[in-house]
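Student: Could we go through this structure together? I would like to know how each label is earned.
Tutor: Happily! Let us look at it first.

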Amino acid sequence: MAEADKDDLISIIEEEEGDVRIPAILPMMPVRDVVIFTDMLLPLFVGREPSVRAVEKAVEKDGFLLLVTQKDPSNDNPGPNEIYRVGTVGRILRMLKLPDGRVKALVQGIVRARIVDYVRKKGWYRVKIELISDAYPDKPSLETEALMRNVREHSERILALRGELTGDVTTILESIDDPGKLADLVASNLRLKLEESQQLLEIVDPVERLRRVNDMLSKEVELSAMQAKIQSDVRDEISKSQRDYFLREQVRAIHKELGEIDEKSQEVDEYTKKIKRAKMSKEANKEAQKQLKRLEQMHPDAAESSIVRTYLDWLVDMPWNKSTKDVIDIKKAKKVLDKEHYALDKVKDRILEYLSVRKLNPKMKGPILCFVGPPGVGKTSLGRAIARAMKRKFIRISLGGIRDEAEIRGHRRTYLGALPGRILQGLKQCGKNNPVFMMDEIDKLGSDFRGDPSSALLEALDPEQNVEFSDHYLNLAFDLSKVMFILTANLTDTIPSALLDRMEIITLSGYTEEEKVIIAEMHLIPRQLKENGLKARIFSLSSGALLKIITQYTSEAGLRNLEREIGTLCRKVARKIAEGERGTFNISKNNLHKYLGPPKYLPEMDQEESQIGLSTGLAWTQVGGEVLYVEASFISGKGELIITGQLGDVMQESARAAVTYTRANLGAFGLDENVLDNVDIHIHVPAGAIPKDGPSAGIAIATALISILTDIPVDKYVAMTGEITLRGRVLPIGGLKEKALGALRGGIRTVIIPEKNQKDLVEIPANVKRKIKFIPVGHMDDVLPIAFDE
């Protein structure tokens, strides 16, 4: 490999000592990154094997060697077509073999030459050459002299702008009278591209070569002047900045001596301390230092300074490295959860499992839990209990009705009044980076032209992505993996599937009557007594009265209405005390109506006895399970089907399937196959003002139709749920636990369920299974013997 050491590249002119005989056939060495001109002296480091051989062959004889530039500097083995035809014959003045096998040679350019033919190509190049001599008259013309003077002046000016002009250089330039040699000297020291240098080398006419060099020098003078101006401006700016800094330091020192406070310096010092105490991530610390430097250079009254201060306040107040130490005492956590909430064993087990894994693996990422259930079952209060059990901070935000993506990811700092999103606001408020973060009403998120908040939540609620959650305001990665996110929803139908996939769904179905009694005695009554200023010794609510409130004054899966009714009792008593009445107020089921009025709900509605054509179904609603009554009646007509009660499309299809099954099996019931030809079938599901839908009322509709056809009443204590097919098969349904609790509230004793739902009986509380008999069936033939009151 042949390389030119450009730092050592110099040009000299020596007096001729006589004629030099140069052979017509010479070794040739391709060089790269440099074009060698005549009278040029430079060291070459030769590493390629063919080049080393060419140097050795030249040294063995008279030391002459043709140096030609290769076209592609990156090519290690250039062929004849990849090497220029014009080069310079050089003489090797000194050669040194290096330990690594390379050769260092000091070479001086003698004369230009052109390659006529390649004599040897294998191993190393040997070429036949033709010398190129400069042809010019002994006395240069006036134009040539003016051109030479111009080149000298341009060269001196360039060197002066670079700070490299010395007396020796001026002397050398003035001593050269040969235009060709002057052109070669200047060209060898110009910072030209390889192609431009080669073009100059190939110009035979020295005056023309000098004219081309003059053009290049003119361009270089302009570039050097502009470069010098830029450097001068930079130096002036630096000098001004240093002067301003020096003056500011003097002012600060004067204020210090006078005992006065420099408010801006004090502010910068405070931010510096806060940044250090915040223990930010590397990227956040770099950004904070950058913004602090900007603030330091701003005028205190500048409009942007307040924006920078607000941003710095958010950066230093964020809990980058502040965590709450978890309490990993499983037994103690279980006691706290049991004390705060009765029942809900499935949820408690999941929390205790998380704590157990956390104890074994402290670096475990926080789970994303979603509590789904009707209102009032304790989803939000359970989140608070989890935080207390783990000794963590608790944050709650409501997502209901949020339509702006910026509520989640924050506003960009370009907007006036920009702030981070609700997530980072909550973390700043609690001051820790591992709180229990509850997001209520995830199923009620909206979206419009301002963005989709549910899509913005995808990053925050994904354990694989929230390690580097990016808020638009901070524009820095913040670690949310330590946060325990708990979301709540009444139903999952409106939650986007991508968001639902990131959450672990835990269903809270509701409470049985016994559980409500215990919860009321443990939590609701003491809380209402405290809120209404009553003492436990003067207020007494019997268990019978409490049970009556649950069954006849409320109808819900949760506890909200129950607590309202208890609150009403407390307020009634508080008024009596305020009016001067004394004594103990004992409320029983016999005098309950004096406080709350007549009962609002009757468990069995109008079913005082079993009736023909009236069956009992079970429905799932957002507020828990409900008893659903199905009425069927025949009237004279043309065999049409009338459906009323605000039934949805799916429920209407179930009704048609039940009618088709009944028509197809009239013979099996001992009836004439034409019995329905002259009658219209009317199916009604009270209450008519409430919309209803779903396939699970299929067997209840079929039972009501067969009951009126066979004139056999349906047992009022039997409820049923299941989808029916045209062949009478009973298909599985969902929400069995909620429906079972609704049946218990409705006074049902037997529930007919699809055979494939038998697996779901595991989730039904034991006390419900003691009071209700669940009978799995696979066909409509199995339903009728159970449902009919013989």
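Student: What makes β6 and β7 a pair?
Tutor: Two strands pair if DSSP finds at least two bridges between them. Here 11 bridges join β6 (residues 86–97) to β7, and the two run antiparallel, so by that rule they pair. One bridge matches Arg94 with Leu106 in β7. Before we go on, a note on the model: it is predicted, local features need pLDDT of at least 70, side-chain atom pairs count only at pLDDT 80 or more, and totals for chains, interfaces and linings use all residues. Residues are numbered from 1 along each chain as its sequence is written, and side-chain values use heavy atoms, with hydrogens and water left out.

Student: How do you know that something is a strand at all?
Tutor: Strands are DSSP runs of E with at least two residues, helices are runs of H or I with at least four, and both are numbered from the N terminus.

Student: What joins β6 and β7?
Tutor: They form a hairpin with five residues between them, and Gly101 in the turn has a positive phi of about 95°. β7 also forms a hairpin with β8, with four residues between them, where Gly123 in the turn has a positive phi of about 85°.

Student: How many bridges link β7 and β8?
Tutor: Seven, in the antiparallel sense, with β8 covering residues 125–132. Ile115 has Ile129 in β8 as its bridge partner. β7 (residues 103–120) also pairs antiparallel with β4 (residues 40–46) over six bridges, and Val46 is matched there with Val103.

Student: Which strands form the open sheet?
Tutor: Five strands do, in the order β10-β11-β14-β9-β15, and their pairing is parallel. β10 (394–398) and β15 (504–507) are the edge strands, since each pairs on one side only. From one strand to the next the twist averages 20°, an angle between N-to-C directions on a scale from 0 to 180 degrees, with axes fitted to C-alpha atoms, for helices over the stretch in contact. Inside the sheet, β9 (residues 368–372) and β14 (residues 484–489) pair over five bridges, one of which matches Phe371 with Thr488.

Student: Why are Trp320 and Phe478 called a tilted pair?
Tutor: Rings of Phe, Tyr and Trp (its six-membered ring) pair if their centres lie within 6.5 Å; planes under 30 degrees apart count as stacked, over 60 as edge-to-face and the rest as tilted. The centres of Trp320 and Phe478 are 5.1 Å apart and their planes are at 55°, so the pair is tilted. It links distant parts of the chain, 158 residues apart.

Student: Why is Trp320 called buried?
Tutor: Buried means under 20% relative accessible area, exposed over 50%, and partly exposed in between (1.4 Å probe, protein chains only). Trp320 has 12%, so it is buried. Phe478 has 2%, so that residue is buried too.

Student: What makes Phe437 and Phe485 a tilted pair?
Tutor: Their rings are 5.6 Å apart centre to centre, with 40° between the planes. Phe437 lies in β11 and Phe485 in β14, 48 residues apart, and both are buried.

Student: How do you know that Lys428 lies over the face of Trp314?
Tutor: A charge sits over a ring if NZ of Lys or CZ of Arg is within 6 Å of the ring centre and within 35 degrees of the ring normal. Lys428 is at 3.9 Å from the ring centre of Trp314. Likewise, the charged end of Arg749 sits over the ring of Tyr717, 3.6 Å from its centre.
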